[in-house]
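Hello,

Here is the structure I said I would pass on. Please look it over before reading my notes underneath.

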Amino acid sequence: MKTNPSSARSRPLVLLCEDEPIVAMDIQMMLEDAGYEIAGPYACVTDALDAINNINPDVALLDVRLRDGEVFPAAERLKENGVPLIFHSGHIVEDNVADRFPKALHCPKPVMPDVLLGTIETACVKAECTQE
């Protein structure tokens, strides 16, 4: 059973998949400071898939290459659930992310924090999630 439906939260929930600990911590702190709730960070695809079985995030911020492989199985499941995807990766072009997920947003690494926050805000607007 999935928990944390959007209507029960006061802050949008961002599912974060990132395998670099310092990058993950930096993004998590930045997003929390901006008023978002964070699920993760998940460094492995298997952990992200387990989380997706139990939560319903408003937006997903995904690095392409994680410790146990590419994030695409989790991205497919999130896409099926109607979750807006943002790929935050240095591997967007060579992995044909735009071809596989044409509605996804992209923030190639490295990205300025204000650009990343703006992209997440855009995804939240598309998903009609609220932030109080």
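The notes below cover the interior, one buried acidic residue and a patch on the surface.

Please keep in mind that this is a predicted model.

Interior. The largest nonpolar core has 27 residues, and those with the most contacts inside it are Leu-15, Leu-62, Leu-85 and Phe-87. Two or more residues each come from β1, β2 (37-42), α2 (45-54), β3 (59-62), α3 (72-80) and β6 (85-87). Helix α2 gives the largest share, five residues. Apart from this core lies another, of 17 residues, with Met-30, Val-59, Leu-61 and Cys-129 among them. As for Leu-85, not counting residues up to four places away in sequence, Leu-85 touches Ala-60, Leu-62, Ala-75, Leu-78, Lys-79, Phe-101, Ala-104 and Leu-105.

Glu-18. This residue is found in the loop between β1 (13-17) and α1. Glu-18 counts as buried because its relative accessible area is 2%, under the 20% cut-off. The side chain of Glu-18 makes a polar contact with the side chain of Lys-109, at 2.7 Å. Leaving aside neighbours within four places in sequence, the residues in contact with Glu-18 are Val-23, Ala-24, Pro-41, Tyr-42, Ala-43, Asp-63, Leu-66, His-88 and Lys-109.

Surface. Ile-22, Met-25 and Met-29 form a nonpolar patch there, and together they have about 330 Å² of accessible area. Ile-22 is found in helix α1 (residues 21-33). Its relative accessibility is 63%, so Ile-22 counts as exposed; the cut-off for that is over 50%.

Regards

Note on methods: Residues numbered from 1 in each chain as written. Predicted model: local features only at pLDDT ≥ 70, side-chain atom pairs only at ≥ 80, totals over all residues. Heavy atoms only, no water. Patch = residues over 30% accessible without salt bridge, like charges linked within 9 Å, V, L, I, M, F, W, Y side chains within 5 Å. Areas by Shrake-Rupley, 256 points an atom, 1.4 Å probe, with all protein chains shown as cover. Salt bridge = Lys/Arg side-chain N within 4 Å of Asp/Glu carboxyl O. Helix = DSSP H or I, 4+ residues; strand = E, 2+ residues; numbered from the N terminus. Buried < 20%, exposed > 50% of the residue type's maximum accessible area, 1.4 Å probe, protein only. Polar contact = N/O pair within 3.5 Å; in protein donor to acceptor, adjacent residues only side chain to side chain. Contact = heavy atoms within 4.5 Å. Core = buried A, V, L, I, M, F, W, Y, C linked by side-chain atoms within 4.5 Å.
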